[in-house]
Amino acid sequence: MIDEVKRRVSFYDLVPEKFVKHCSHYDLYHCPFHQPDRTPSFAVYRDGEYEFGYDFHDNEGYDIIAFYQEYYNTCLLYTSDAADEL
């Protein structure tokens, strides 16, 4: 179930309003954790089927599950239930 969510859901699905620019192997976003963010400081790297987000403010990395948990302040149990809605 977790791998399916990681393949099916992208960071863009969760925070499309923060998207700034698409590059060859990564996308740049305004940081969803730090407001206001005048320059893009959150990068999403693609590695085959999966994405990995990196917050340059806090030097924190996120897969889509960890990002969802942090952004929506929830735990994995609720995240699994919410994945059905995505």
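Start by selecting D63 and K6: their side chains meet in a salt bridge, at 3.0 Å from N to O. D63 sits in the loop between β5 (60-62) and α3 (64-71), while K6 belongs to helix α1, so this pair ties together parts that are 57 residues apart in sequence. As you look around, keep in mind that this is a predicted model.

Now color the two residues by accessibility. D63 is partly exposed, because its relative accessible area of 25% falls in the band from 20% to 50%. K6 is partly exposed too, with a relative accessible area of 22%.

**Next stop: helix α1**

Stay with the helix that holds K6 and select residues 2-8, which make up helix α1. Which two residues of this helix meet in a salt bridge? They are E4 and R8, whose side chains come together at 3.9 Å, N to O. Both residues lie in helix α1, four residues apart, and that spacing is about one turn of the helix. Show the two side chains as sticks to follow the contact between E4 and R8. E4 is partly exposed at 41% relative accessible area, and R8 is partly exposed as well, at 44%.

**Then: from β2 to β3**

Select D27 and R46 next. Here the side chains form a salt bridge with an N to O distance of 3.1 Å. D27 is part of strand β2 (residues 26-29) and R46 is part of strand β3, so the pair ties together parts that are 19 residues apart in sequence.

Are the two partners, D27 and R46, buried or partly exposed? D27 is buried, because its relative accessible area is 9% and buried means under 20%. R46, by contrast, is partly exposed, with a value of 28%.

How many salt bridges does the structure hold? There are three, and your stops so far have taken you to D63 with K6, E4 with R8, and D27 with R46.

**Last stop: a patch on the surface**

Keep strand β3 in view and select residues 42-47, where you will find Y45. Y45 counts as partly exposed, at 34% relative accessibility. Now add F52 and F56 to the selection and switch on the surface display. Together with Y45, these residues form a nonpolar patch on the surface. How much accessible area do Y45, F52 and F56 have together? The patch comes to about 290 Å².

Key. Residues numbered from 1 in each chain as written. Predicted model: local features only at pLDDT ≥ 70, side-chain atom pairs only at ≥ 80, totals over all residues. Heavy atoms only, no water. Patch = residues over 30% accessible without salt bridge, like charges linked within 9 Å, V, L, I, M, F, W, Y side chains within 5 Å. Areas by Shrake-Rupley, 256 points an atom, 1.4 Å probe, with all protein chains shown as cover. Salt bridge = Lys/Arg side-chain N within 4 Å of Asp/Glu carboxyl O. Buried < 20%, exposed > 50% of the residue type's maximum accessible area, 1.4 Å probe, protein only.
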